Amino acid sequence: MADDQRLWGYPEVAAHLGISVGATRSRKCRGSLPSPDDDSVPDSPRWKPSTFQNWRPVGRGFRSDLHGAARPEDTPAN
């Protein structure tokens, strides 16, 4: 089975994000996660791993400087 065909539930998403399952559920309820790729089972949304490939959380606590975003000192001056 290809990796994109395997779906992640809350535990897998939490492990990928490095947060607890409870925090993952909270982010889902607040709309701070991408829309699930499969929500056919109530209270058990599932996502394709590729959904999180280029997704970055927005808001408090996300350190973009630690995740590959360009820093001002790395940007050439005009």
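This briefing walks through the fold, the aromatic core and a few individual residues of the structure above. The model is a predicted one. Its protein chain has 2 helices and 0 strands, and buried residues account for 18% of its 78 residues. A good place to start looking is Trp8, which belongs to the largest nonpolar core and also to an aromatic cluster.

**The chain as a whole**

- Of the contacts with a separation of 6 or more, 39% are between residues 24 or more positions apart.
- The protein chain exposes an accessible surface of about 5,800 Å², and carbon and sulfur atoms contribute 48% of that area.
- Helix 1 covers residues 10-17, and helix 2 covers residues 21-30.

**The nonpolar core**

- Seven residues are worth selecting together in your viewer: the largest nonpolar core is made up of Trp8, Tyr10, Val13, Leu33, Trp47, Phe52 and Trp55.
- As general background, nonpolar side chains in soluble globular proteins tend to be buried together.
- Trp8 is buried at a relative accessible area of 11%, and Phe52 is buried at 1%.
- Leaving aside residues up to four places away in sequence, Trp8 touches Val13, His16, Pro45, Arg46, Trp47, Pro49 and Phe52.

**Aromatic pairs**

- The model contains 4 aromatic pairs.
- One of these joins Trp8 and Phe52 in a stacked arrangement, with 6.0 Å from centre to centre and 25 degrees between the planes.
- Because Trp8 sits in the segment before helix 1 and Phe52 in the segment after helix 2, this pair ties together parts of the chain that are 44 residues apart in sequence.
- Phe52 also pairs with Trp55: their ring centres are 5.5 Å apart and their planes meet at 85 degrees, so this pair counts as edge-to-face.
- A single aromatic cluster takes in Trp8, Tyr10, Trp47, Phe52 and Trp55.

**Pro49 beside Trp8**

- Pro49 lies in the segment after helix 2.
- Its relative accessibility is 9%, so Pro49 counts as buried, the cut-off being under 20%.
- Pro49 and Trp8 are 41 residues apart along the chain, yet their C-alpha atoms are separated by 6.6 Å.
- Pro49 is also among the residues that Trp8 touches.

**Asp38 and its polar partners**

- Asp38 is another residue of the segment after helix 2.
- With a relative accessible area of 18%, Asp38 falls under the 20% cut-off and is therefore buried.
- Its side chain makes a polar contact of 2.8 Å with the side chain of Ser40.
- A polar contact of 2.3 Å links the side chains of Asp38 and Arg46.
- Not counting residues up to four places away in sequence, Asp38 touches Leu7, Ser44, Pro45 and Arg46.
- Pro45 and Arg46 also appear among the residues touched by Trp8, so if you are following the chain from the aromatic cluster, they are a handy place to pick up Asp38.

**Asp43, a backbone detail**

- Asp43 has a phi near 60 degrees, a positive value in a residue other than glycine.
- Asp43 lies in the segment after helix 2.
- Its relative accessible area is 58%, over the 50% cut-off, so Asp43 is exposed.

Definitions and conventions: Residues are numbered from 1 along each chain as its sequence is written. This is a predicted model: local features need pLDDT of at least 70, side-chain atom pairs count only at pLDDT 80 or more; totals for chains, interfaces and linings use all residues. Side-chain values use heavy atoms; hydrogens and water are left out. Helices (H or I, at least four residues) and strands (E, at least two) are DSSP runs, numbered from the N terminus. Buried means under 20% relative accessible area, exposed over 50%, partly exposed in between (1.4 Å probe, protein chains only). A nonpolar core is a set of buried Ala, Val, Leu, Ile, Met, Phe, Trp, Tyr and Cys residues joined through side-chain atoms within 4.5 Å. Contact means heavy atoms within 4.5 Å. A polar contact is a pair of N or O atoms within 3.5 Å; within protein, one must be able to donate a hydrogen and the other to accept it, and residues adjacent in sequence count only if both atoms are side-chain atoms. Accessible areas come from the Shrake-Rupley method with a 1.4 Å probe; for residues, only the protein chains shown count as cover. Rings of Phe, Tyr and Trp (its six-membered ring) pair if their centres lie within 6.5 Å; planes under 30 degrees apart count as stacked, over 60 as edge-to-face and the rest as tilted.
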